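User: Could you walk me through this structure, one question at a time?

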Amino acid sequence: MPTKLTSYIFLSFALVFMTWACINPIKDFAQIDSTSYMTIEADIVNDPSLCKIRLTSSANKIMSVLSLPVTKADVYIVDQAGTKTTFKEVTGVAAGTYLPPTGFAGKVGSTYQLYIKTLDGRQYQSSPEEMNPVPEIENIVTQFEVLDQYSQGDVRRAGYTVYLDFKDSPKEGDYYMWNWKHYEPISICASCGGGGTWNFRQNTCITPAVATDQILNYTCDGKCWDIMTNNDLNVFSDVLTNGQRIVGRQVARAPFDNYTPYYFRLEQRGISKNAFTFYQSLIAQVQSSGSLFDVPAETRFSVNVKSVTNPTEKILGIFNVFSVSKKIFYIDRTKGIPPGEKAFIPQVPGEMFFCPGASPGCQDRVPCFEGPTRTKITPEGWTL
């Protein structure tokens, strides 16, 4: 079945993208909830920008608002030579996220093992995982396609499907996964509904006691991009195609919601058998239950991370060691459009807020706040 999360099973497993909420009480960094599990999302990659480990206390739904970060843990990996690399929490990223030293990247052919000790003494350990090589993406084709099951005006109807070609290695037992990321430049960094206005000290919308239907939009104070990632899973095994050239593998679909060039960063990942098994189980559950939101927690029990202090404890997530091949390109959304099809361009409701003339101290520009779905850092390969 064609995915991010960012990062992304809880979107970011693609992995990417969670909301933290204090709905259930926390005690010693464990959620007081019979359906709560320790969730470990760990990526060791040959690309420094993708290496990260995220720890949360999760409820029984993927992307649940009950998920809470597990902070102040001792987190590190050890390779086959005994070299230890410590991952530390840093400011500017989501709480519960641990990053390696600057410039660290995994090496193809090396084997890694994960170790975690939480502040309350719980210890977790992964099985050793080898980083397998991944072939280069040889060719990419984008094709405008109409899904007739959707009516005119439905954003899902028309779009550009992305296909790729690559050569599988002669070695048996290769497993692949595809993730993508899109950056969209934006000019509006905040919208306040209900008649509310932006409070520049608290950096939030303040709604009046009596709400109205007014919506005020605020301009960004500099360059800013929204980040979109895949929200489905796309994995592949070479069991029937070992050593062959794979042609026309569908890996993504870009929306036809404008005529502007569409920035696209595609990742082809060489994953382990354990990771493939884990994601395949999710795909099977989604096909039977309808969506990632309906997948029961027990489907996501880790296949390669165990509790050392409590062997019966159920762990969610995956220790994912993989190599990646990337392609950055732009989709020309003015080509291949059949007669009668038009871009579904979303309209931003409300009006722009601007400081009245000669208003000392007035502010009307909102910062671009860094996060999983927004950045002020120019995307890699950006040319527009």
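Analyst: Sure, starting with a term: contact, or touching, means heavy atoms within 4.5 Å. This is a predicted model, where local features need pLDDT of at least 70, side-chain atom pairs count only at pLDDT 80 or more, and totals for chains, interfaces and linings use all residues. Residues are numbered from 1 along each chain as its sequence is written, and side-chain values use heavy atoms, with hydrogens and water left out.

User: Which residue gives the backbone oxygen that lies 3.2 Å from a polar side-chain atom of Arg-249?

Analyst: Arg-249 is in strand β21, residues 245-255 (helices, H or I, of at least four residues and strands, E, of at least two are DSSP runs, numbered from the N terminus). Leaving out residues up to four places away in sequence, Arg-249 touches Val-162, Tyr-163, Leu-164, Trp-178, Asn-234, Val-235 and Phe-236. From that list, the backbone oxygen at 3.2 Å belongs to Val-235.

User: And how far is Arg-249 from Asp-165 in space, C-alpha to C-alpha?

Analyst: In sequence, Arg-249 and Asp-165 are 84 residues apart. In space, their C-alpha to C-alpha distance is 6.5 Å.

User: Which residue of β18 is the bridge partner of Ile-188?

Analyst: Strand β18 covers residues 216-220, and five of its five residues are buried (buried is under 20% relative accessible area, exposed over 50%, partly exposed in between, with a 1.4 Å probe and protein chains only). Four bridges join β18 to the antiparallel strand β15, residues 188-192; strands pair if DSSP finds at least two bridges between them. β18 also pairs in the parallel sense with β26, residues 365-366, where Arg-365 stands opposite Thr-219. On the β15 side, the partner of Ile-188 is again Thr-219.

User: Is Cys-192 buried or exposed?

Analyst: Cys-192 forms a disulfide with Cys-205, the sulfur atoms being 2.1 Å apart (a disulfide is a pair of cysteine sulfur atoms within 2.5 Å). Cys-192 lies in β15 and Cys-205 in β17, residues 204-206, so the pair ties together parts 13 residues apart in sequence. Cys-205 is partly exposed at 27% relative accessible area. Cys-192, at 0%, is buried.

User: What is the handedness of the Cys-224 and Cys-368 disulfide?

Analyst: Their sulfur atoms are 2.0 Å apart. The pair links distant parts of the chain, with Cys-224 in the loop between β18 and β19 and Cys-368 in the loop between β26 and β27, 144 residues apart. The torsion about the S-S bond is about 65°, so this disulfide is right-handed.

How values were computed: A polar contact is a pair of N or O atoms within 3.5 Å; within protein, one must be able to donate a hydrogen and the other to accept it, and residues adjacent in sequence count only if both atoms are side-chain atoms.
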